[in-house]
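Here are my notes on the model you sent round. Please read them with the structure open.

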Amino acid sequence: GWHGDNMLKPSTKMPWFKGWNVERKEGKAEGKCLIEALDAILPPARPTDKPLRLPLQDVYKIGGIGTVPVGRVETGIIKPGTIVVFAPANITTEVKSVEMHHEALQEAVPGDNVGFNVKNVSVKELRRGYVAGDSKNNPPKGAADFTAQVIVLNHPGQISNGYTPVLDCHTAHIACKFSEIKEKVDRRTGKSTEDNPKSIKSGDAAIVILVPSKPLCVESFQEFPPLGRFAVR
């Protein structure tokens, strides 16, 4: 590898290596070099058929254009003319244009980092951590509380009901209270090992009801994985 053998073209120094092959429903792939293996990787399917979810990373005010929220499309499609709603503030407006790298787009798909210009909304009304969605197709909403599986990787002491750490969920950072630790579960199987434990500690996994201190937009992991993951600090 250090000398470039079998990287870009087959090497004569490794006669024992007969090459690689892979069988899959899209067809058979085979080769001898690393570059052929990279070329044979199939790109993942983008979740374009799901409802739009776009967590805001930032909001800019651009002279002559107006308010431009920026973020990555996680699911669905955003395009000019879409009537978007920003959760959890429940602000509805129309998308005037969508841009990526200073080029106007007809539509943006999951994975695209885009800026989009919105009508009649001031920069002060929007902030990082809000989530844009299509107002007509399963729009995002704020959660008063939510049930989550939490694994305690490293924490000094015990965690009991009432503990309020900061949660990082998509682009939002919001303090959330552990209102009720419902059950301890096995980390590997997810089976319940103890109901209503007094506390949990490092190495434990538990099902917990969390209550955000400010409105927070979270989604179920089954429907929208990028909005169903979080880290607790």
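The numbered points below cover the annotated domain, the pockets, the cores and some individual residues.

1. Status of the model. This is a predicted model, and the points below should be read with that in mind.

2. Annotated domain. An unreviewed UniProt entry places the feature "domain: GTP-eEF1A C-terminal" at residues 146-233. In the model, that span is 49% strand and 5% helix. The C-alpha atoms at its two ends are 18 Å apart.

3. Largest pocket. The volume of the largest pocket is about 640 Å³. Its lining is made up of 28 residues, and those closest to the centre are A148, Q149, V150, I151 and F230. Three elements give two or more residues to this lining: β10 (146-151), α2 (225-228) and β17 (230-232). Which of the elements gives the most to the lining of the largest pocket? Strand β10 does, with 6 residues. By residue type, the lining has 18 nonpolar, 7 polar and 3 charged members.

4. Second largest pocket. The second largest pocket holds about 240 Å³ of space. It is lined by 13 residues, with I62, V68, E99, H102 and G115 the closest to its centre. Strands β3 (54-62), β4 (66-72), β6 (91-100) and β8 (113-118) each give two or more residues to this lining. The lining divides into 7 nonpolar residues, 5 polar and 1 charged.

5. Nonpolar cores. The largest nonpolar core has 20 residues, of which L54, I78, F86 and F116 touch the most other members. At least two residues of this core come from each of β3, β5 (83-87), β6 and β8. There is also a second, separate core of 19 residues, which includes F146, L210, L216 and V218.

6. F116. This residue is worth displaying with its contacts. Beyond four places in sequence, F116 touches L54, L56, T67, V68, P69, I78, F86, V95, S97, V98 and A132. L54, I78 and F86 from that list are, like F116, among the core residues that touch the most other members.

7. T67. Is T67, in strand β4, buried or exposed? T67 counts as buried because its relative accessible area is 7%, and the cut-off for buried is under 20%. Outside its neighbours up to four places away, T67 touches V59, Y60, F116, N117, V118, V121, S122, V123 and L126.

8. G66. Residue G66 also belongs to strand β4. With a relative accessibility of 24%, G66 is classed as partly exposed. Its contacts outside four places in sequence are Y60, K61 and N117. G66 and N120 are 54 residues apart in sequence, and their C-alpha atoms are 8.6 Å apart in space.

9. M100. Strand β6 contains M100. Setting aside neighbours within four places in sequence, M100 is in contact with L105, D112, N113 and V114. The C-alpha atoms of M100 and F116 are separated by 8.7 Å, with the two residues 16 apart along the chain.

10. Cis peptide bond. Where is the cis peptide bond that involves P88? It joins A87 and P88, with omega at about 5°. P88 lies in the loop between β5 and β6. Please check this bond when you go through the backbone.

11. Positive phi at H101. The phi of H101 is near 50°, a positive value in a residue other than glycine. H101 sits in the loop between β6 and β7 (103-105). Its relative accessibility is 67%, so H101 counts as exposed; the cut-off for exposed is over 50%.

12. Positive phi at N138. N138 is not a glycine either, and its phi is positive at about 45°. The residue is found in the loop between β9 (131-134) and β10. N138 is partly exposed, with a relative accessible area of 37%.

Definitions and conventions. Residues numbered from 1 in each chain as written. Predicted model: local features only at pLDDT ≥ 70, side-chain atom pairs only at ≥ 80, totals over all residues. Heavy atoms only, no water. 1 Å grid on protein atoms, 1.4 Å probe; cavity = no way out; pocket = protein on both sides within 12 Å on 5 of 7 lines; lining within 4 Å. Points joined across faces, edges and corners; volume = space filled by probe spheres on them. Helix = DSSP H or I, 4+ residues; strand = E, 2+ residues; numbered from the N terminus. Nonpolar A, V, L, I, M, F, W, Y, C, P; charged D, E, K, R; others polar. UniProt positions renumbered as here; feature names shortened; annotations may be inferred. Buried < 20%, exposed > 50% of the residue type's maximum accessible area, 1.4 Å probe, protein only. Contact = heavy atoms within 4.5 Å. Core = buried A, V, L, I, M, F, W, Y, C linked by side-chain atoms within 4.5 Å.
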